[in-house]
Amino acid sequence: MKQADAPVIDAQGLNLIFQTADGPVHALKDVDLSIRKGEFVSFIGPSGCGKTTFLRVIADLEQPTAGTITVNGMSPEAARKARAYGYVFQAAGLYPWRTIEGNIRLPLEIMGFSRAEQAERAQRVLELVDLAGFGRKFPWQLSGGMQQRASIARALAFDADILLMDEPFGALDEIVRDHLNEQLLELWKRTEKTIGFVTHSIPEAVYLSTRIVVMSPRPGRISDIIDSPLPRERPLDIRDSPEFIEVAHRVREGLRAGHVDD
Ligand SMILES: Nc1ncnc2c1ncn2[C@@H]1O[C@H](COP(=O)(O)OP(=O)(O)OP(=O)(O)O)[C@@H](O)[C@H]1O
C-alpha cells in the first residue's frame, strides 16, 4: 500500500533534450516537482516552455533524457499500463461517426470491459460532467463546450485517480470557459482526483489551482512555484478579491522574469 502522503507524481532532476534537424532542443531542464494526492496543479508559461512535454513524460508518451520520475510510485510505463491517469487533449478529439456514449465506451471496449460495465461507466461519467441525456447525440450536435466535457468524461471513464489536461478549454470563448472552470472545480472536489492542467491563461490558472508552476522557455524549466492561499470554495467572483489579484500578479511577474532571460 502506498503511504497517504507519498507523492502521486515525483520528478527529480528531469531533463529532456529532443534531437532535431536544427540541433538539440532542451525542452525540460532540471525539473524537480512533487505533486501530492488531491492537488490541482497548473502549468503556465509561454509557447515552447515544455508544459506539454512534461505532461507527456508523466503519461509515458515521451522518455526523459536524464533524471527520474515516478507516477503512483511506479515508472510512467507501469503507471500507464495500470491506467493510472486519464488524458484530456486541447481538441475534444471525438469520433464524429460515434455517439457521445459510443466515444466514451470506445476505450472501454478496447480494454475488454463487458457491455454492461461499459454502459454503467458511461452513464456515471456523463452525469459527472453534466451531460446525462446526451449520450445518444453525435458530437456535431453538441456545442464546443459540451464536446470538451464529453472528452473529459471519456478521460474519467477508467476511474483513474490522476487527470492530465492539456489546455482543454483554450479554444473556447470566455463565458463558456468560466462555466467549465466552475464545473471542473466541482468535479475535482467531488472526485478528489489529482489534476495536472496546462494553460496559457493567468486567471484560469489562479482560479483553478492549489499550486501554480510557472515555466520559462529555452531551456524549458520551472521559474516559480506558487502555493495558492485561496480557499477550496471558489465562486467566480473570487477573481475580484485582493488575494486572487495578488497571486495573479506573482504569476505575471514570474512569466515576465522568464522572458527577460530570453
Ligand atoms: N517531438 C518533438 N521533437 C522535437 N522537438 C519537440 C518535440 N516536441 C516538442 N518539441 C520542442 O520542445 C519544446 C517544448 O515543447 P512543448 O510542446 O512541451 O511546449 P509547450 O510549453 O507545451 O508549448 P505550447 O504552449 O505552444 O503548447 C518546443 O521548443 C518544441 O518545439
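Reader: Which elements each supply at least two residues of the shell around the ligand?

Author: Happy to start there! This is a predicted model, where local features need pLDDT of at least 70, side-chain atom pairs count only at pLDDT 80 or more, and totals for chains, interfaces and linings use all residues. Residues are numbered from 1 along each chain as its sequence is written. With helices (H or I, at least four residues) and strands (E, at least two) taken as DSSP runs numbered from the N terminus, the elements are β1 (9–20), β2 (23–35) and α1 (51–58).

Reader: Which element gives the largest share of that shell?

Author: The shell has 13 residues, and F18, A27, S47, T52 and T53 come nearest to the ligand; a residue is near if its C-beta atom, placed from the backbone, lies within 6 Å. The largest share is three residues, and their source is α1.

Reader: How far apart are the centres of domain 1 and domain 2?

Author: An automatic or database assignment sets the bounds: domain 1 is 9–84 + 162–260, and domain 2 is 94–159. Taken over C-alpha atoms, their centres are separated by 25 Å.

Reader: Where does the largest nonpolar core lie, and why?

Author: A nonpolar core joins buried Ala, Val, Leu, Ile, Met, Phe, Trp, Tyr and Cys residues through C-beta atoms within 7 Å, buried meaning that 20 or more other C-beta atoms, placed from the backbone, lie within 10 Å of a residue's own. The largest has 68 residues, with I58, A153, L164 and V251 making the most contacts inside it. Both domains give residues to this core, so it lies between domain 1 and domain 2.

Terms used:
A residue is buried if 20 or more other C-beta atoms lie within 10 Å of its own, exposed if 12 or fewer, and partly exposed in between; C-beta atoms are placed from the backbone.
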